[in-house]
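Notebook open, coffee poured. I want to go through this one feature by feature and write down what I find.

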Number of protein chains: 2
Amino acid sequence: MRKLLRVNMDEEKVRFEEMPEGYRALGGRGLTSQIVADEVPPTSNPLGPNNELIFAPGIVTGTSAPTSGRISVGGKSPLTGGIKEANAGTSFAQKLARLGIGAIVVEGTKGEDSYKCLKITDKSVDLLDAEVWSGIGLYEAFEDIESEFGEDLGVCGVGIAAELSGFNSGIAFNDMEGKPSRYAGRGGLGAVMATRGLKYVLVDDEGAGGVEIEDEETFSQGKKKLADALTDHDVTKPGGALNTYGTSVLVNMINESGALPQENFSRGSDEESAKVSGEKKADVIEERDGERPHRCSPGCLIGCSEVWKNEDGEEVGVLEYESVWSLGPNSGIYDLDTIGELNWQCNDLGMDTIEAGNTIAVAMDGGVKEFGDEEGALELMDEIRKGTSLGRILVNGTKFTGEAFGVTRIPTVKGQAMPAYDPRGIKGIGTTYATTPMGADHTAGYAIAPEIMGVGGEADPLSPEKAEMSRNLQYSTAVIDTTGHCLFTAFAVLDIPEGLEGMVEEVNGVLGTDLTVDDIPDIGKGVIETERRFNSEAGFTKEDDRLPEFMREEELPPHNDVFDVPDEELDKVFGSLGME
Amino acid sequence: MRKLLRVNMDEEKVRFEEMPEGYRALGGRGLTSQIVADEVPPTSNPLGPNNELIFAPGIVTGTSAPTSGRISVGGKSPLTGGIKEANAGTSFAQKLARLGIGAIVVEGTKGEDSYKCLKITDKSVDLLDAEVWSGIGLYEAFEDIESEFGEDLGVCGVGIAAELSGFNSGIAFNDMEGKPSRYAGRGGLGAVMATRGLKYVLVDDEGAGGVEIEDEETFSQGKKKLADALTDHDVTKPGGALNTYGTSVLVNMINESGALPQENFSRGSDEESAKVSGEKKADVIEERDGERPHRCSPGCLIGCSEVWKNEDGEEVGVLEYESVWSLGPNSGIYDLDTIGELNWQCNDLGMDTIEAGNTIAVAMDGGVKEFGDEEGALELMDEIRKGTSLGRILVNGTKFTGEAFGVTRIPTVKGQAMPAYDPRGIKGIGTTYATTPMGADHTAGYAIAPEIMGVGGEADPLSPEKAEMSRNLQYSTAVIDTTGHCLFTAFAVLDIPEGLEGMVEEVNGVLGTDLTVDDIPDIGKGVIETERRFNSEAGFTKEDDRLPEFMREEELPPHNDVFDVPDEELDKVFGSLGME
């Protein structure tokens, strides 16, 4: 039976609790959202004493299920003011699960100058002093921690951005090289962790009993089916798109579709974008003796990741499509090394790259720097590191920065900045941005799959009728985020029915349940209903399920579209689900 | 028949329109709120192209009705995100009314580097270039304008704070000495004016026909009754409390009650407060050959104002109670000359003093300066003047500043900072702060009258049952704000029935209507319903009708109360009025 680890930072006490009956069939996002809904007052100040931070590995995380090393982190978001779940792929998740811990609940607030480090082993749970690592970057801190506590640990930490209570502060997890490059980045949960007084979490699973599996046979059958699907589908298979070019394979595709936002969402394509494409990046990685493909956590069959090296041959993190775009074309920057350095800065400071790149672009739109000013963009990172007033503006994200500098073109929903798809050119993803309880988030219901990639069906990106598609994608995504599988497994299971069956059988194997594929929509609906109810009680209405005004009025070159999905269509995605 | 003057800043065109039938019985707040509700999309960006700025003198403004020189300004507020009306006492209002102008509607947005000045005379309306006055303080600009256009003008302008698109930017009107000390300050309407591209409005009423009065006899009878009430009531009569000490008479009263917030709402009294009391200030004014009593506009019988001079004998504006408190005790500052200088800075930069004082206090709470640091507070004003990053934080007000510096004790409602009464010690005013559509605003329903002053009945300030009282006060206030009378007339008319009759008769005289005192609640209800409907359509819910979390949890010394008015009681104030 999985346990719940409760950490009270006021009393500096930890205790294990039996997992409540109602939580036993939950994991990942399903579990974090349920605990937040049950324990956090929806109207509480996200940085105040009544918020909580929840960690939960997925249901099958820590088993041998393929591509399932995800950790969900939940709380009330300082960026959106609503419920938040952000997840990352990291062995941290697997180690936690193998220790039999279904969730960590962190409550209470930071004492005077006393950041703590939570160290979890098979034998003990301790709160250690962590002041020594405050004010320093995460790369240095993760190295120190590895030296002090050993290499084979799951490490999680928050950086300078979180110490500044930044609304754009993420939670970093170590990658396979021990670097802080795996992020539950979105929504400012780093600041929730820091204001609890928690700076690091270390997980050592030596001697752990592993994840209990109720029905080994069903589980094995399921994981084989899923593995077959993953290794068969063009997007996920070895030598497939993700494995060859990583997520940046999208740069050319989305630029060609006219929906790759340039210079703060003022144009949808630019031929310069080719300089930062996945194809170009793969070439450079090869030249520099980097590594591609690579994995974020053990047991992944897709391998969408990489080890990117700078011109001096130093490893400087992973360059995902979203990061390349946000720190690149969206700020008029088309140099992979500058983007790589900006990405390293985000990882080191502890920030979400999507939010950070949008922040830089909006600051440029507000005249703080010129578009395309590579040195200028790096200087902005330094302002955050120094904690200057400008840094305090930037660390609070895109909306805050836009408001500081009188910018009205602010590409956010529920206060969270948009990912790398302009919704004026791809309307299903815009429908997801508008309606997910999370704020603008492509991973909440990845309509790009049918709209651009022809995966999971085909859809005209410019058709405004996207409520049903977005709803179905959001429901299935909520389930995937609950199981602990990487969202990229969706490419395979959307097209290959046996893959989806396999995923369900893995879950049945672990839990001893009898779920079928037909149960997926209802399970997803349940998760989203819980999240929407929290948001409703926090004061959200259908007016929060809208894109910014400028996207309905300013046409996006080159195709000169506006976002014309009617409000009624947006409201059809979830209807009154979860609302009072 | 009054006219509506529409000013389109995109086309740089002006035109007079007949006042629509439905607007003819409205003026002041009733009219600005109705036009905003009719013309501004509730979800529009307040600084974007779809917002409007409305000016409207009250129904009786410009006549000889006593104490009625108020101008209402309306729009969608960048500070609160909801509807806003702010009003000021100034001869500008009277001149506009005497020109037969019932409302000015300013629409469109600023062109590139082209601030304009709207000049209105009996013969012409012109948009002049106003670039020459951008970037300079309002005292200098108002002097320049007086030199260039003559002394006997109504002048209205926005300052550097508005040029920075500051959420705390007010609209200044000239006082009897031509200084920019009369403010429609709250809610950031200055930035709405500046983003329309309008910097100044000049009104010359030479040759104007005056306000049409339908029934002179009823009007005269009414104004006599109101004048008698004002000159009879202890609070408003010559030699009465307001006339002798001005609004600062409240410093000692509220400090004694334990509800004068000190150091960002962390204590409710301090014996040092006596150094900034109304009694002390009146002494200094006498010593320095200042003037007290004084009037904000011709025809006022109360005379609550003053001419405050600094140590060098220079006039530096009016020191109202709210300004003295916000720039003083709330920041741990107990020196009238420092407060006077801070107040001058607010007037010169074009900021609301309540918001600015709270901003300084929250910045101090966040460690930007120490509480009580007088020089430090003045330095913050300089940051705004220079438009530094810190200045851009501060100019966006209390909530923005608190969020930049990780402060969780942020005393705002709907994003607007609280006035000088801690709701933990005086619960009726807290009920008004929570529920008025305007954001925390004492003038929306001044429960201090019954709770502290024994005017309009008596109420225990600590009793949490305040829904009915707040509702009644808010309804009658909405009517007073619509007539164009100063809110301080309420002290007299709440206690003297003939005074209230007189006010209604003045309105009947001007409009030719047959209203009675019994119609007041319904008229007020109508105004507030319009405002609440706008807010509801903008996405507000009952969760926005709440005080900040910390006020329910942190006890306020010395009496150690929390704000314990139940949510249900707050929701009883207006029920579903105006909500979907």
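Before looking for salt bridges I fixed the criterion: a side-chain nitrogen of Lys or Arg within 4 Å of a carboxyl oxygen of Asp or Glu. Ground rules for myself: this is a predicted model, so local features need pLDDT of at least 70 and side-chain atom pairs count only at pLDDT 80 or more, while totals for chains, interfaces and linings use all residues. Residues are numbered from 1 along each chain as its sequence is written, chains are lettered from A and ligands numbered from 1 in the order in which they are written, and side-chain values use heavy atoms, with hydrogens and water left out.

**Entry 1: salt bridges**

I searched the whole structure and got 86 salt bridges over all chains. I looked up Asp365(B) and Arg409(B) and found their side chains paired in a salt bridge at 2.8 Å, N to O. The two sit 44 residues apart, with Asp365(B) in helix α12 (residues 353-365) of chain B and Arg409(B) in the loop between α15 (397-404) and β15 (412-413) of that chain. My helices and strands are DSSP runs numbered from the N terminus (H or I, at least four residues, for helices; E, at least two, for strands).

For burial I use relative accessible area: under 20% is buried, over 50% exposed, and in between partly exposed (1.4 Å probe, protein chains only). Asp365(B) is at 27%, so I log this residue as partly exposed. Arg409(B) is at 18%, so this one goes down as buried.

Next I checked Asp422(B) and Arg424(B), which also form a salt bridge, 2.8 Å from N to O. Asp422(B) is buried at 0%, and Arg424(B) is buried at 0%.

In chain A, I found Arg6(A) bridged to Glu17(A) at 2.6 Å, N to O. That pair connects strand β1 (residues 3-8) with strand β2 (residues 13-18), eleven residues apart. Both partners are buried. They also belong to a salt-bridge network with Arg15(A), Glu39(A) and Glu107(A).

**Entry 2: nonpolar cores**

Which residues have the most contacts inside the largest nonpolar core? I got Tyr421(A) and Tyr421(B), in a core of 170 residues. Helix α12 (residues 353-365) of chain A gives the largest share of this core, six residues. There is a second, separate core of 48 residues, including Phe55(B) and Leu118(B). For the record, a core here is a set of buried Ala, Val, Leu, Ile, Met, Phe, Trp, Tyr and Cys residues joined through side-chain atoms within 4.5 Å.

**Entry 3: backbone oddities**

I went through the peptide bonds and noted a cis one from Arg292(A) to Pro293(A), omega near 0°. Pro293(A) is in strand β13 (residues 291-294) of chain A. Pro557(A) and Pro558(A) are also joined by a cis bond, with omega about 5°. Pro558(A) lies in the loop between α22 (550-553) and α23 (567-574) of chain A.

Then positive phi outside glycine: Asn264(A) has about 50°, and Asp289(B) is near 65°. Are these two buried or exposed? Asn264(A) is buried at 0%, whereas Asp289(B) is exposed at 59%.

**Entry 4: chain A overall**

I counted 23 helices and 16 strands in chain A. The C-alpha trace of chain A spans about 60 × 55 × 50 Å along its principal axes. Of the 580 residues in chain A, 64% are buried.
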